[in-house]
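Let's take a walk through a protein model together. Keep the picture open and turn it as you read.

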2 protein chains.
Amino acid sequence: MEPATESRSYSPGLEGVLAGETAIALVDGKNGRLTYRGYPIGELVRHGSYADVAELLWTGEWGPGARLACASLSPPVLAALRNLPDGANAMDALRSAVSAWGAAERPGWPPSAEQARALTAMTPTALAGYARLQQGLEPIEPDPDLPLAAGFLYQLTGELPDEADARALDAYLIVAAEHSFNASTFAARVITSTKSDLASAVCGAIGALKGPLHGGAPTEVASQLLQIGSPERAEAWMRGALDRGERLMGFGHRVYRAYDPRAAALREVAEGMANAADWLKLAVAVEDVALRLLAERHPDRGLKTNVEYYTAAVLQGVGLPPAIFPATFAMARHAGWTAHCIEQASANRLIRPDVRYVGPAERSLPGVGATA
Amino acid sequence: MEPATESRSYSPGLEGVLAGETAIALVDGKNGRLTYRGYPIGELVRHGSYADVAELLWTGEWGPGARLACASLSPPVLAALRNLPDGANAMDALRSAVSAWGAAERPGWPPSAEQARALTAMTPTALAGYARLQQGLEPIEPDPDLPLAAGFLYQLTGELPDEADARALDAYLIVAAEHSFNASTFAARVITSTKSDLASAVCGAIGALKGPLHGGAPTEVASQLLQIGSPERAEAWMRGALDRGERLMGFGHRVYRAYDPRAAALREVAEGMANAADWLKLAVAVEDVALRLLAERHPDRGLKTNVEYYTAAVLQGVGLPPAIFPATFAMARHAGWTAHCIEQASANRLIRPDVRYVGPAERSLPGVGATA
């Protein structure tokens with residue numbers, strides 16, 4: 001390091017430091033707004049599918065009616081999943097599947113929407129295949145006529161999913177598809193910035209999302225809903241938890257001070273369903289009680305429902321095992337990660353920050369005289 | 001994005017932006033110095049082995065005589081390599097091997113020197129196994145009595161390597177082990193900062209190093225040396241290349257204005273060998289001619305030999321196929337990457353920079369009325 005740099009200011013974690021420009025998503029925490037390519041997340045959930053939204057993220061163009069079905073796995077990807085040890089972590093499995101996909105497909109530079117489509121279509125099949133193999137079941141071939149969310153549920157169970165379940169999962173995939181810069185998206189862009197390939201970037205992103213400081217804790221919300229069990233038990237259960245000084249899971253967010261627009265969009269889907277499942281009714285009822293109690297106990301903190309709350313409700317509700325919640329988040333985020341890779345490549349510049357050296361001054365090895 | 005942030009200055013590629021602190025290595029480009037934990041790279045090459053240097057990077061302590069032998073592959077890692085398609089890229093293979101290793105070993109938080117040792121010992125076996133499988137040969141079990149560099153060569157060929165070859169490769173592994181922040185090391189730290197695991201971080205780093213803007217082009221230097229063929233042909237060949245406006249490969253560096261200390265250390269090893277191989281004699285002779293010609297043609301530019309020059313000479317000299325040069329660089333860099341993961345975790349803070357939104361203003365979907 002040049003001595004002249006030592007006096008520069010330093011922001012740990014790059015907090016508040018601009019590391020790039022993006023036209024993909026805008027996160028407005030103060031006002032509780034999230035837009036993809038300018039379109040509010042609520043409208044996208046109301047009027048689009050995950051396929052539509054993924055195309056919007058990749059190309060910038062809105063064209064409803066897009067199709068994106070789960071893709072078959074090539075032999076190297078299937079082999080990577082078959083050879084995982086029993087009890088392998090779902091994120092490790094997904095990372096290995098994407099790595100094998102990259103080794104087999106060799107996506108070239110620059111990352112493209114075509115590559116993004118292929119990878120985003122592969123991942124649900126890989127995740128469902130992993131989940132079945134870990135249960136001692138054979139993977140199920142994808143049905144090319146099913147949209148991604150329905151196809152993923154079909155490949156988990158071998159049965160055509162309930163329409164409301166598929167719709168709820170599709171809505172979840174939309175709200176989880178993209179959230180601008182964060183550690184995983186940033187990792188994907190750093191990797192892309194070396195002119196590396198899309199699979200390498202997404203492997204890095206999956207690895208970053210695996211960390212609990214990023215991936216969050218939807219599993220804990222699911223556990224909370226399971227413990228509450230029914231709407232009429234909600235108030236007593238939560239009052240008890242708060243009295244014991246415990247946190248209610250699924251409320252409060254680092255960025256959103258207003259109601260998380262993703263939670264709002266998912267609740268709207270839940271409420272609009274003609275035959276909402278019991279789990280959705282439970283989630284809505286519990287949320288109402290929780291917000292009332294939190295306002296009562298912490299009127300100054302403005303705690304609102306966050307996306308994890310409805311993530312847990314939806315993923316649990318459609319029958320996913322909690323062990324694959326984080327990997328399902330990663331699956332949804334493929335659209336956003338790959339959109340960022342495409343954007344990074346479109347005006348690429350190697351991302352290579354400086355570092356401040358705080359180690360020992362130059363010295364000789366013990367027992368070795370002064371040297372050149 | 002908050003409107004208040006819009007006026008902040010922005011440094012593309014984070015150039016000149018401090019993104020962290022490190023006590024591991026100091027890169028002093030102006031003076032041509034590189035130290036690991038304060039010790040000059042030249043001394044480390046002269047008096048230590050890769051095992052000694054890796055321990056120094058991980059623990060901060062110098063204790064010569066460290067042992068690090070190549071480790072056997074667990075079945076999931078071996079399966080990942082066996083199932084790669086013919087012609088798979090070596091970096092994709094290494095990334096897949098490390099991902100499978102992580103899935104099988106499940107290294108926990110925080111990353112530790114013990115984990116780093118295990119991963120760094122696994123990688124040479126994986127790379128050699130990949131290289132043999134791609135040639136239709138069976139992988140060779142590691143010999144636990146051989147140090148890492150010799151063991152890697154043994155596993156490539158099945159024969160005990162020449163002592164001078166093993167020494168030259170060990171010296172290369174030392175100089176390539178660490179180079180402070182760069183895109184791959186930074187990617188590893190971003191991933192670690194989410195409290196993700198060591199394997200996830202190293203997968204991301206391998207992916208970043210795969211990019212030609214980072215991993216460089218030692219293959220092109222090797223091709224240049226092959227074309228020159230003998231010391232007496234060097235001057236005519238290089239004059240011809242310069243007359244045609246071509247670049248000489250292996251000279252000039254973004255950071256080092258003085259002679260690259262890594263190249264100097266490798267040349268010293270080459271010159272100190274009692275029975276230097278012909279390829280080393282060629283490399284030294286060609287370098288002398290190249291520096292003379294470059295000083296003659298570009299006296300103002302101060303072009304000096306860079307580390308890629310001796311990387312190519314050493315890796316080609318010890319018999320590695322050019323297709324695995326970048327992966328051999330990645331293998332050497334495992335010590336540094338994992339040291340950075342340990343350091344990041346020791347005072348962790350999530351790395352999550354800001355971004356400037358430059359996309360469309362909020363708008364409604366075509367055909368959809370104004371909505372909340």
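Start with a small oddity in the backbone: Ser180(B) sits in the loop between helix H7 (163–175) and helix H8 (183–192) of chain B. Its phi is positive, about 55 degrees, although Ser180(B) is not a glycine. Keep in mind that what you're looking at is a predicted model.

**Two cis bonds**

Now hop to another loop of chain B, the one between helix H4 (90–105) and helix H5 (113–134), where you'll find Pro110(B). The peptide bond leading from Trp109(B) to Pro110(B) is cis, with omega near -5 degrees. Chain A has a cis peptide bond too, joining Trp109(A) and Pro110(A), with omega about -5 degrees. Pro110(A) lies in the loop between H4 and helix H5 (113–134) of chain A.

**Where the chains meet**

How many residues does each chain bring to the contact? Chain A gives 101 residues and chain B gives 102 residues. Put together, the two chains bury about 9,000 Å² between them, and carbon and sulfur atoms account for 58% of that area. On the chain A side, the residues that lose the most area to chain B are Leu18(A), Arg352(A) and Leu365(A), and together they make up 9% of what that side buries.

There's plenty of polar pairing here as well: 45 residue pairs are in polar contact across the interface of chain A and chain B. Which element of chain A supplies the largest share of the side that touches chain B? That would be helix H4 (residues 90–105) of chain A, with eight residues. Sorted by class, this side of chain A has 47 nonpolar, 31 polar and 23 charged residues.

The chains also share some strand pairing. Strand S5 (residues 354–357) of chain A runs parallel to strand S1 (residues 18–22) of chain B, and three bridges link them. Look for Asp354(A), whose bridge partner in S1(B) is Leu18(B). As a general point, strands of a sheet pair through backbone hydrogen bonds, either parallel or antiparallel.

**Salt bridges**

Side chains of opposite charge can pair when their charged atoms come close. Over all chains, the whole structure has 36 salt bridges, and eight salt bridges cross the interface of chain A and chain B. Here are some to look up in the picture:

| Pair | N to O distance |
|---|---|
| Asp197(B) and Lys210(A) | 2.9 Å |
| Lys210(A) and Asp92(A) | 2.9 Å |
| Glu268(A) and Arg46(A) | 2.5 Å |

Lys210(A) is worth a stop. Its side chain meets Asp197(B) in one salt bridge, and Lys210(A) also meets Asp92(A) in another. That second pair ties together distant parts of the chain: Lys210(A) is in helix H9 (residues 198–210) of chain A, while Asp92(A) is in helix H4 of chain A, 118 residues apart.

**Two domains in chain A**

What domains does the assignment give for chain A? Domain 1 covers 25–212 + 333–346, and domain 2 covers 217–317. Their C-alpha centres lie 26 Å apart. Where the domains touch, 21 residues of domain 1 of chain A are in contact with 18 residues of domain 2 of chain A. The two domains bury about 1,500 Å² between them, and 73% of it is on carbon and sulfur atoms.

The polar side of this story is brief. The interface of domain 1 and domain 2 of chain A has one salt bridge and one residue pair in polar contact. On the domain 1 side, strand S2 (25–28), strand S3 (33–36), helix H1 (41–47) and helix H7 (163–175) of chain A each supply at least two residues. The largest share comes from H7(A), with eight residues. By class, the domain 1 side divides into 10 nonpolar, five polar and six charged residues.

**A sheet in chain B**

Finish back in chain B, where three strands form an open, antiparallel sheet in the order S2-S3-S4. Which strands are at the edges? They are strand S2 (25–28) and strand S4 (39–40) of chain B, and each pairs on one side only. Four bridges join S2(B) to strand S3 (residues 33–36) of chain B. To spot this pairing, find Leu26(B), which stands opposite Thr35(B) in S3(B).

Methods. Residues are numbered from 1 along each chain as its sequence is written. Chains are lettered from A and ligands numbered from 1 in the order in which they are written. This is a predicted model: local features need pLDDT of at least 70, side-chain atom pairs count only at pLDDT 80 or more; totals for chains, interfaces and linings use all residues. Side-chain values use heavy atoms; hydrogens and water are left out. Contact means heavy atoms within 4.5 Å. Buried area is the accessible area (1.4 Å probe) that two parts lose on being put together, summed over both. A salt bridge is a side-chain nitrogen of Lys or Arg within 4 Å of a carboxyl oxygen of Asp or Glu. A polar contact is a pair of N or O atoms within 3.5 Å; within protein, one must be able to donate a hydrogen and the other to accept it, and residues adjacent in sequence count only if both atoms are side-chain atoms. Ala, Val, Leu, Ile, Met, Phe, Trp, Tyr, Cys and Pro count as nonpolar, Asp, Glu, Lys and Arg as charged, and the others, Gly among them, as polar. Two strands pair if DSSP finds at least two bridges between them. Domain bounds come from an automatic or database domain assignment.
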